[in-house]
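Here are my notes for someone opening this entry for the first time. Please read them with the model on screen.

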Number of protein chains: 4
Amino acid sequence: MSTYNVGVLGATGAVGQKFIRLLENHPWFNIAAVAASERSAGKPYREAVHWIESIPIPPNVKNMVVKSCDPKELADIDFVFSGLDAAVAADIERTFAEAGIPVITNARNYRREETVPLLVPEVNPDHIHMIKNQQYSKNGNGFIVTNPNCVCVPLTLSLKPLVDAFGVDSVILTSMQAVSGAGYPGVPSLDIMGNVMPYIGGEEEKIMWEPQKVLGKLNADKKVELAGIPIHASAYRVPVLEGHLLSIVVKLKTEGVSEKDAVEAFLNWKSPIADLSLPSSPEFPVKLMEEDRYPQPRLHAYSGNGMQVSVGRLRKAGIFDLAFTALGHNTIRGAAGGAVLNAELLVKEGYL
Amino acid sequence: MSTYNVGVLGATGAVGQKFIRLLENHPWFNIAAVAASERSAGKPYREAVHWIESIPIPPNVKNMVVKSCDPKELADIDFVFSGLDAAVAADIERTFAEAGIPVITNARNYRREETVPLLVPEVNPDHIHMIKNQQYSKNGNGFIVTNPNCVCVPLTLSLKPLVDAFGVDSVILTSMQAVSGAGYPGVPSLDIMGNVMPYIGGEEEKIMWEPQKVLGKLNADKKVELAGIPIHASAYRVPVLEGHLLSIVVKLKTEGVSEKDAVEAFLNWKSPIADLSLPSSPEFPVKLMEEDRYPQPRLHAYSGNGMQVSVGRLRKAGIFDLAFTALGHNTIRGAAGGAVLNAELLVKEGYL
Amino acid sequence: MSTYNVGVLGATGAVGQKFIRLLENHPWFNIAAVAASERSAGKPYREAVHWIESIPIPPNVKNMVVKSCDPKELADIDFVFSGLDAAVAADIERTFAEAGIPVITNARNYRREETVPLLVPEVNPDHIHMIKNQQYSKNGNGFIVTNPNCVCVPLTLSLKPLVDAFGVDSVILTSMQAVSGAGYPGVPSLDIMGNVMPYIGGEEEKIMWEPQKVLGKLNADKKVELAGIPIHASAYRVPVLEGHLLSIVVKLKTEGVSEKDAVEAFLNWKSPIADLSLPSSPEFPVKLMEEDRYPQPRLHAYSGNGMQVSVGRLRKAGIFDLAFTALGHNTIRGAAGGAVLNAELLVKEGYL
Amino acid sequence: MSTYNVGVLGATGAVGQKFIRLLENHPWFNIAAVAASERSAGKPYREAVHWIESIPIPPNVKNMVVKSCDPKELADIDFVFSGLDAAVAADIERTFAEAGIPVITNARNYRREETVPLLVPEVNPDHIHMIKNQQYSKNGNGFIVTNPNCVCVPLTLSLKPLVDAFGVDSVILTSMQAVSGAGYPGVPSLDIMGNVMPYIGGEEEKIMWEPQKVLGKLNADKKVELAGIPIHASAYRVPVLEGHLLSIVVKLKTEGVSEKDAVEAFLNWKSPIADLSLPSSPEFPVKLMEEDRYPQPRLHAYSGNGMQVSVGRLRKAGIFDLAFTALGHNTIRGAAGGAVLNAELLVKEGYL
């Protein structure tokens, strides 16, 4: 496996920093450039960034001069990861794609585009082929691949074993979301310490729509037929640093499913990319925990290096069929780590 | 209105302390005795208690000698409030009732008894007459009245306007519960700081059963016909000090109810005890808030002196009919304060 | 006592909101105008403000149209409270003083001015007469009075009984400061949840300098001779909402002071304004608590309606003479409430 | 290097669990037995323990049958680590030493014994030879080695470069201690969420005494002459999970030391065990950080796998000479990890 030189767009933001951390010792990807807003461009990274990770800035990035987000400035780059803010991501990401540089992005702007995969590798790996319909660049090398919202990832991953085994008819969920989901400076401490906020702007719409695409079927034209699963979501912010916790109630398409059946569906489910040995793929993409008190954000957000979705309290529900709790690390599995895994799959499938 | 001399059972515990705080300046009720376990009996209250309230111990109670929980020790008492632990409440409370001393209790032991009201004065005030069927004491003066679980109170109060206006078919809820609900020492800080616990032992059963009785109908025999509303509850502990927050989704018995209809149902609903001028009755037993970011435990748990249930984010749900958030102070409205309000209603109705 | 019509400058900020809350039912002061930046001017207050207090916006202020911070816009105002940010306070406050409108400010800009009192009414009430040296307005009616930094207030209040009884030679303190001290949005939750920040920009300098003026002597020319007490301060931010806690070690000018002597100094100390019956004056400006586990920010910040400084763990220190803990509510006693008390003293002394 | 079979006493407690976690992949030490109270003895470890670590119970320990703390039950053990509670440690640990089994303990019981080293390997490695004076077992193989209190470790480590370069005359410190220092269940959430507790029972005495022994000199008789440095400590509990933060002010024995001199003292200081390649020894036992906002418990407690003491905000103090902040992981560097490092040094020195 040769090494890829990658760029990070939005490198000074919270997601950008997470990309830099996750790529520090990546076996395939080498950070060759960091880019950010004009305000940061031209400065050494260490001066441009307000570093919030717990490890020091990796030495190879620390003294890099930050570039502006312009494809011409990023020569010799094989592709870019984008941690750009949605306010600027649309234009910049298209510019890179048009310049023939693949864009693996965490931004939400292109998630609903007809030709852009909204990818969770263990759930809809075949959606990757949607990029054949993309025409951003003349030579066809430039394309855009997105990962879903940080709740959609653990939601679709934890639903997938049930979808495969029984079919899912409808879903009601309440999310309890960590403050890191709002970036930095993000949520003011006065709003969230010892408190719960009953509203996160724009979040519920994403949670209800994005799974339709992720769980949708790719047809012969490489277009996604939306899953059409009714989902109701209520999104809350809780005083947790990392890890979104979901309280999920599911109605199945199959009648008479017992708790034991459901447990077996989780235990027997096998990730479709399990045999690809992708570096960021966790041992258990979906792990069923037995203890009533698990999963917990503080204890399990980092399970599987933050790439595992932990499921617990699986039980029959008085209404609908099943209730359970799912947990995913919002800035790793649900953001930067998910994007890195997407890139790894793209490599394996020959798109990079 | 003459003044009543009351005793507090379990006076050194968290709920007992809340009783003492709430009764400090009560216009009708005067604390004449405090009782606790044998370990505490005989000591001045200030030495027996590990006081956790933010105000100093009220001067009238501070130096009272703690009695044991024996009716013979509490002479000249008109009735008792009980903040006893469920492990000991059953026997002690029956002993008091048999001795002809009314028991207004927060303990769960008698909540399911056929002749014991499970009372939320604004929801089922007529259930108070169930005590006529009680035969604990020979002269009929001793009776037991309970208040529901700390989630059941805000749940039934926030459902009541919808029950009255449209009928409620079924309910799915996720509760985010404050640590004070577990008493003191209660939840270890290592379990909950920056964390969410996905399980509270025994809680979900209570949340699903108790509303059936509270919302049930009293028949001619003064027995309650359970409401029979399917409820699914998932109970989580969150790092909040006071105030249980509920994420509720409701299916109505009436079709075609719009968000506007629902808003009006809340605004037009009138508490059946509104005209009784009970001292602990809040101006708004159920208050609908308009701002998306409300209600919040830290800001609104103490609204209406902790007796108001605050409702917000009322909206149409993609599944079922309506979604909303409800908040109630768990140790006031959902415990000691609810019991005090019960006693006030008992006074007005002539039972005390 | 006639009523004063007051204006609040910076009315939409965190300190401005606290002024509005504290003045809601003030017996002497009536809010007649609210003023803020040009961005807010012209809007109803309820729309201009991101309200963060736990009570609703007081009805009398809710629909007021916000003015710009221009003396011409605030007619019929007897004086103003200023919660302005230091970045703009200097010019605006001087403009008001020059227009003959007294300014009672929480901003830091004029604290070190030779003619401006840095006032803690129970500590240096005589400093109020410094305003006779002010010449901001031609008629002499316009003046500026400041209150100190939110650490300086509990520090000087808790030192005063020792200063009076024994003299204070030098002070080493570590402050553990609440997040509300940084205003809103203020401290990002990602910085402080489950964490301590070892630095607060500019804070230590204020803690070391301002007590020199507050504890200084007013000479015959109505100028302050700085106290000249060496103070070393280390300022930390802790995950507390309200209440700055100080760990203080003091060297006295008197030798051989025992713990008992020190306790008596606190118990016997009498506030010089105790007999003035100022509405915001607490029963105990400095309260000595006996229990080792007291004072605590969560339990005692609001003691005396947030105007009491609570002192505890008073003991002999292995180095220097005495060690103790002091707690003060940073946005009430240490900010808006302190300013209101200053205004009350100004009324009593005939300056308003 | 051959492998040692070790036992863990108090294996179900918080410190015991940390030992098990730290030893999971230790290159020299293999857990061959776990022992705990009679209540746990005979059960599989997974059933006896309320596991609170974020990783699963290591597979090799999960199904081990817990032994009672009796040397006869632990055959084939080379030595034991003790995480026993002080209430029972004294007798049990002596029994093991008398049976010829070395005891490396975190308990406080023997810290002040004349022949027992109170060891911080980078500070007083020569104290290890005190064990030659021990006579617990007839063959001399059984001995006891202790590590200090969780504040004493970062305190002595951060003072050592100054002791070596300039001599330390006296120290005033305020500690802000994490809740994990109190074990599990430990600090109730109601006591510490959004709060600071100004008292930790027995803590200040340990902080003031133990450094005298750690920093003391070993004389020719292998006895320690206490350092005799006056220390004043004020210990506070803060809502932090892991990492004790110290606010330290130091008077030096050398006059005229500049901030630059002090910085160089830290940068030039070399650990006396730096060349021994002990597995648990961090790259930087004491790391000086430049940024004002560092060190922080949440970001840096785990630096150097929890074995690094991080120092920051080094500056001249207005009183005494220098002020700085020091941070150490309280349950790793200040407890189990320190004990493991002690054992590693004992191996290198031929005592194990």
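1. Start with the contact between chain B and chain C. In this predicted model, chain B gives 6 residues to that contact and chain C also gives 6. On the chain B side, 3 of these residues are nonpolar, 3 are polar and none is charged. The copies meet through the same surface, because 100% of the interface residues of chain B are also interface residues in chain C.

2. Next, how are these two copies related? Chain B superposes on chain C by a rotation of 180°, with 0.0 Å of shift along the axis and an RMSD of 0.0 Å. The two copies are therefore related as by a two-fold rotation axis. Which residue of chain B comes closest to the rotation axis? It is Gly194(B), whose C-alpha lies at 3.4 Å.

3. Now turn to chain A and chain B. Their contact takes 36 residues from chain A and 36 residues from chain B. Several strands of chain A give two or more residues to this side: β7 (168-177), β10 (231-237), β11 (244-252), β13 (309-316) and β14 (322-328). Helix α9 (297-300) of chain A does so too. By class, the chain A side has 21 nonpolar, 11 polar and 4 charged residues.

4. The relation between chain A and chain B can be stated briefly. A rotation of 180° superposes chain A on chain B, with 0.0 Å of shift along the axis and an RMSD of 0.0 Å. The same surface serves both copies, since 100% of the contact residues of chain A recur in chain B.

5. Look at strand β10 (residues 231-237) of chain B. Is this strand enclosed or open to the outside? Its 7 residues are buried, 7 of 7, so the strand is largely enclosed by the rest of the structure. Both faces are covered. On one side sit Ile231(B), Ala233(B), Ala235(B) and Arg237(B), all buried. On the other sit His232(B), Ser234(B) and Tyr236(B), also buried. In a regular strand, side chains alternate between the two faces of the sheet.

6. The pairing of β10(B) is worth tracing. Strand β7 (residues 168-177) of chain B pairs with β10(B) in the parallel sense, over 7 bridges. Use Thr174(B) as a marker: Thr174(B) stands opposite Ser234(B) in β10(B).

7. Step back to chain A as a whole. Its secondary structure comes to 10 helices and 14 strands. The C-alpha trace spans about 60 × 50 × 35 Å along its principal axes. The radius of gyration of chain A is 20 Å, which agrees with the value near 20 Å for a compact globule of 352 residues. Of those 352 residues, 61% count as buried. Contacts in chain A with a separation of 6 or more mostly link distant positions: residues 24 or more positions apart account for 74% of them.

8. Chain A is assigned two parts. Domain 1 covers 4-149 + 336-348, and domain 2 covers 152-329. The C-alpha centres of the two domains of chain A lie 25 Å apart. At their contact, 31 residues of domain 1 meet 27 residues of domain 2. Which element gives the largest share of the domain 1 side? Helix α10 (residues 332-348) of chain A does, with 7 residues. That side as a whole divides into 14 nonpolar, 10 polar and 7 charged residues.

9. Chain A also holds an open sheet of 6 strands. The order is β3-β2-β1-β4-β5-β6, with parallel pairing. The edge strands are β3 (67-68) and β6 (144-146) of chain A, and each pairs on one side only. Inside the sheet, 6 bridges join β1 (residues 4-9) to β2 (residues 29-36) of chain A, running parallel. Asn5(A) stands opposite Asn30(A) in β2(A).

10. Finish with a helix in chain D. Helix α1 (residues 14-22) of chain D has 9 of its 9 residues buried, so the helix is largely enclosed by the rest of the structure. Among the buried residues of α1(D) are Lys18(D), Phe19(D) and Arg21(D). The cover over the buried residues of α1(D) includes the strands β1 (4-9), β2 (29-36) and β4 (79-82) of chain D. It also includes the helices α3 (59-62) and α10 (332-348) of chain D.

Definitions and conventions. Residues are numbered from 1 along each chain as its sequence is written. Chains are lettered from A and ligands numbered from 1 in the order in which they are written. This is a predicted model: local features need pLDDT of at least 70, side-chain atom pairs count only at pLDDT 80 or more; totals for chains, interfaces and linings use all residues. Domain bounds come from an automatic or database domain assignment. Two residues are in contact if their C-beta atoms, placed from the backbone, lie within 7 Å. Helices (H or I, at least four residues) and strands (E, at least two) are DSSP runs, numbered from the N terminus. Ala, Val, Leu, Ile, Met, Phe, Trp, Tyr, Cys and Pro count as nonpolar, Asp, Glu, Lys and Arg as charged, and the others, Gly among them, as polar. Copies are superposed by least squares on the C-alpha atoms of residues with pLDDT of at least 70 in both. A residue is buried if 20 or more other C-beta atoms lie within 10 Å of its own, exposed if 12 or fewer, and partly exposed in between; C-beta atoms are placed from the backbone. The radius of gyration is taken over C-alpha atoms; the globule rule is 2.2 Å times the number of residues to the power 0.38. Two strands pair if DSSP finds at least two bridges between them.
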